[in-house]
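Student: I have a model open and want to learn how to read it. Where do we begin?
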Amino acid sequence: MKLFSVRGGIHPSYRKQATTAKKIEPLPVVPFYFLPLRQHSGASAEAVVNIGDHVGKGQLLAAPVGRISAPVHAPTSGIVRAIQNMTAPHPSGLPGMTIVLESDGKDSWAELPEAYSDPFSVDPKLIRERVAWAGVVGLGGAAFPAAVKLEQSSQKPIKMVVLNGAECEPYLTGDDRVMQEYADEVISGGRLIAYAVGAPKVVIGIERNKPEAIAIMKKAAEAYDNVEIADLPAQYPVGSARHLVQALTGLEISARTRIADVGVLVQNVGTARAVWRSAHYGEPLISRIVTVSGGGMNDPKTLDAPIGTPVKALIEYCGGMNEKAEQIVTGGPLMGVGLPNIDVPVIKGTAGILALTSEEMDHRPAEPCLRCGRCVDVCPCGLSPVEMSSLIRRDKLDEAEQLQVMDCFSCGSCSYVCPSHLPLVQYFNYAKGEIWNRRDEERKQNKIKALAAAKEARLAEVLRQRQLAAERAKAAKAAANKEEKAV
Amino acid sequence: MLIAIISLSVMGLALGLMLGLSSKLLRVEEDPIEGQLQALLPGSQCGQCGYVGCSQYAAALAHDGAPVTQCTPGGKSVAEALAKALGVSLDLSDAEDIGPKTALIHEDLCIGCTACIRDCSSDAIIGAARQVHTVIGDVCHGCSKCETACPTGAIEMVPVAVTLDNWHWDKPNLAIQDSLANPAFAAQALANRITEESDGGQGKAYKASLEKEAKEEAIG
Ligand code: SF4
Ligand code: SF4
Ligand code: SF4
Ligand code: SF4
């Protein structure tokens, strides 16, 4: 397959050898599971169970609310012990509503919907509904509800379904292992997604640093003429959906255009597998593949972890952390974020848990910018990190916005290469959050202005009516007086 | 011909004179800057800025150099818009203290007198007579008129809470050098934990090998 070049990017050391050859191991049942109602992008789900309810494995615990949302299901059988605010697996350490499930140790399934033995004979609409029911979200990390993407894409002419198996973040090997061990399920899932949105072909992009996965997937794809494996150059961040599409089609997609608008639908390989399982077995998304690695981890592994399992249980299963471990990160080392503690649960978007040592991180203090321009060279979005960061440092957010800081997707390439160790992506994360909040604030102000104006108008109208009434009364009285006089 | 020229120029002159006169006589006494500033203010006439209402504050801003950070409900975004319109620089450290607030009704104290509803400038309170009243957070802009109106002290103005929805990373502070010594900055730095230098040069070696490969391909 012909590939197109993508601008910028970096070539970090991949550090995947600790887990890449180890089989995925299922995590045993633990006593308690913690299920945040918001594990996906969009609105929080709403609990549909009560404290004390006994639930089966796979039973619906929380239903989606609104257009962009996803349900949450029970990862094992047990009793709902609490529905309360608990620390979220989020760098802020802020609380979020969470269902606490005490396992009964039986791990027995609830009644599941019909398993479609041949999903390709079912109406595509039913497949899309099944994916929505199953609560499948993008497992690459963004956790966007898969069903919403399918629904949007089904209304557009989709030329190509792209499965993202690039996995370009260092350390992570979950997608690699899934492709090696479940190649058939991944390919079936890709074909099913194409079927659900009426797309003619499936392309699976895999970085060249995963030769085993490429070989196995190529073999599994031989049976289908409309499934193709593309081996991508190992270049971070080619696993970003927009850049992956660019590498495969040559189309550059701006941050403000939807990928579906150019006729492409991108899903992660793990997501494709979850889509397949939801249709073929009637299974909801209740577990995910998590890479547990980093220099601070005693025995790094790739695990199949039920969603809701405390991070601590994963770390213990991997032999615990050694004394060099300094920081726990969820996700990869370039785009991942820190966890407030290790009692928080694995959620649908948790691709990795890394215990990093100080040698694996950079703690050197920032020095003045050398104006070397390397950050500009590597930015895959064609932005100018050096200029944007100096504007943000001086609180000139408006000007940074004009330089399109909102198009930055926080890949961290600029910070990675900066010889002065400037916290570039950190400036952009701050600026994007602040600008979003201000836009929200402005929207709210406009709404309030309209409401205040409406209220004033209403009061004025009441006043006018009162005056009118008073005048009328006066006139009536005058008329009555006249009559009296006349009599 | 001559008649046409004369009559047209007379007409032109007369009309021009009329226009000139009318613009003098019928002039509306409105300062454009003042109007522009007023449009930026919330318009709820709450008086928290220390003036009678929004238009008086706008006038003071335009003519008396009143500070742009006086509008509490407007918060940072209004302060910034005002500063931009006036072309003055804004010290946000000032605006930080005015932080957004929202009204909270303590239900055990509310007697359902509806006094707050009557005063609320943006219809943010719901409730019927003799029933407990509540505030709709999304439309309350913290003008605190209801707080003054409530006869039982049931209304408290509380700062708008930081939640998972509106949280964002802090601005990096270059003065704090050791990221691990400061937990706030440690979290900051986490968005990116490895750099080319801490990577032991492996990345560079890999890149060089790629370039070599490409060259060989080109030759072959
Ligand atoms: S890479 Fe760093 S030092 Fe070089 S121009 Fe960018 S910000 Fe400045
Ligand atoms: S973090 Fe943003 S600015 Fe930096 S390289 Fe990535 S996209 Fe460009
Ligand atoms: S609820 Fe109170 S503080 Fe909020 S807008 Fe209404 S009157 Fe102002
Ligand atoms: S003014 Fe106070 S007591 Fe009266 S309805 Fe409002 S909150 Fe309740």
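Tutor: Begin with the word domain: domain bounds here come from an automatic or database domain assignment. Keep in mind that this is a predicted model.

Student: Which domains does chain A have?

Tutor: Domain 1 covers 25–288, and domain 2 covers 372–487. Their centres, taken over C-alpha atoms, are 36 Å apart.

Student: How many residues of each domain are in contact with the other?

Tutor: Domain 1 of chain A contributes 6 residues, and domain 2 of chain A contributes 7.

Student: Next, the interior. Which residues of the largest nonpolar core touch the most other members?

Tutor: A nonpolar core is built from buried residues joined through side-chain atoms within 4.5 Å. The largest one here holds 63 residues. Those that touch the most other members are Leu35(A), Ile99(A), Val161(A), Leu163(A), Ile193(A), Ile204(A) and Met217(A). Helix α4 (residues 183–197) of chain A supplies the largest share, 8 residues. Another core, of 21 residues, lies apart from it. Its members include Met388(A), Ala400(A), Cys408(A) and Tyr427(A).

Student: What is Ile99(A) in contact with, beyond its neighbours within four places in sequence?

Tutor: Its contacts include Tyr33(A), Phe34(A), Leu35(A) and Leu37(A). Ala47(A), Val49(A), Leu61(A) and Ala62(A) are also among them. Val80(A), Ala82(A) and Ile83(A) complete the list.

Student: How do I read a helix?

Tutor: An α-helix has 3.6 residues a turn, so residues three or four places apart point the same way. Now look at α6(A). Its residues His243(A), Leu244(A), Val245(A), Gln246(A), Ala247(A) and Leu248(A) are buried.

Student: What covers the buried residues of α6(A)?

Tutor: The cover includes four strands of chain A: β9 (160–165), β10 (202–207), β11 and β12 (264–268). After the helix comes Gly250(A), with a positive phi near 85 degrees.

Student: Now the backbone. Where is a cis peptide bond?

Tutor: Check omega. From Tyr236(A) to Pro237(A) it is near 0 degrees, and the bond is cis. Pro237(A) sits in the loop between β11 (227–232) and α6 (241–249) of chain A.

Student: Which residue other than glycine has a phi near 70 degrees?

Tutor: Gln404(A) does, and the value is positive. This residue belongs to the loop between α11 (397–402) and α12 (413–417) of chain A. Gln404(A) counts as partly exposed, because its relative accessibility is 31%. Chain B offers Asp123(B), with a positive phi near 50 degrees. Asp123(B) lies in the loop between α6 (115–119) and β2 (125–126) of that chain. Its relative accessibility is 25%, so Asp123(B) is partly exposed too.

Student: On to ligands. Which residues are closest to ligand 2?

Tutor: Read a ligand by its shell. Of the 13 residues that surround ligand 2, the closest are Cys379(A), Cys408(A), Cys411(A), Gly412(A) and Cys414(A). Helices α12 and α13 (424–486) of chain A each give two or more residues to the shell. By class, the shell has 10 nonpolar residues, 3 polar and no charged.

Student: What does UniProt list here, under "binding site"?

Tutor: An unreviewed UniProt entry gives Cys379(A), Cys408(A), Cys411(A) and Cys414(A) that annotation. They span 36 residues in sequence, but no two of their C-alpha atoms are more than 10.7 Å apart, so they gather at one spot.

Student: Is Cys379(A) buried or exposed?

Tutor: Under 20% relative accessible area counts as buried. Cys379(A) has 9%, so it is buried. Cys408(A), at 12%, is buried as well. Leaving aside neighbours within four places in sequence, Cys379(A) is in contact with Arg7(A), Gly8(A) and Pro385(A). On the same terms, Cys408(A) is in contact with Leu383(A), Phe428(A) and Lys432(A).

Student: How does the shell around ligand 1 divide?

Tutor: It has 9 nonpolar residues, 2 polar and 1 charged. Among those around ligand 1 are Cys369(A), Arg371(A), Cys372(A), Cys375(A) and Cys418(A).

Student: Which residues of chain B does UniProt list for "binding site"?

Tutor: The unreviewed entry names Cys110(B), Cys113(B), Cys116(B) and Cys150(B). They span 41 residues in sequence, yet no two C-alpha atoms are more than 10.3 Å apart, so these cysteines gather at one spot. Cys116(B) is in helix α6 of chain B. At 7% relative accessible area, Cys116(B) is buried. Cys113(B), at 31%, counts as partly exposed.

How values were computed: Residues are numbered from 1 along each chain as its sequence is written. Chains are lettered from A and ligands numbered from 1 in the order in which they are written. This is a predicted model: local features need pLDDT of at least 70, side-chain atom pairs count only at pLDDT 80 or more; totals for chains, interfaces and linings use all residues. Side-chain values use heavy atoms; hydrogens and water are left out. Buried means under 20% relative accessible area, exposed over 50%, partly exposed in between (1.4 Å probe, protein chains only). Contact means heavy atoms within 4.5 Å. A residue is near a molecule or strand if one of its heavy atoms lies within 4 Å of it. Ala, Val, Leu, Ile, Met, Phe, Trp, Tyr, Cys and Pro count as nonpolar, Asp, Glu, Lys and Arg as charged, and the others, Gly among them, as polar. UniProt positions are given in the numbering used here, feature names are shortened, and annotations may be inferred rather than shown by experiment.
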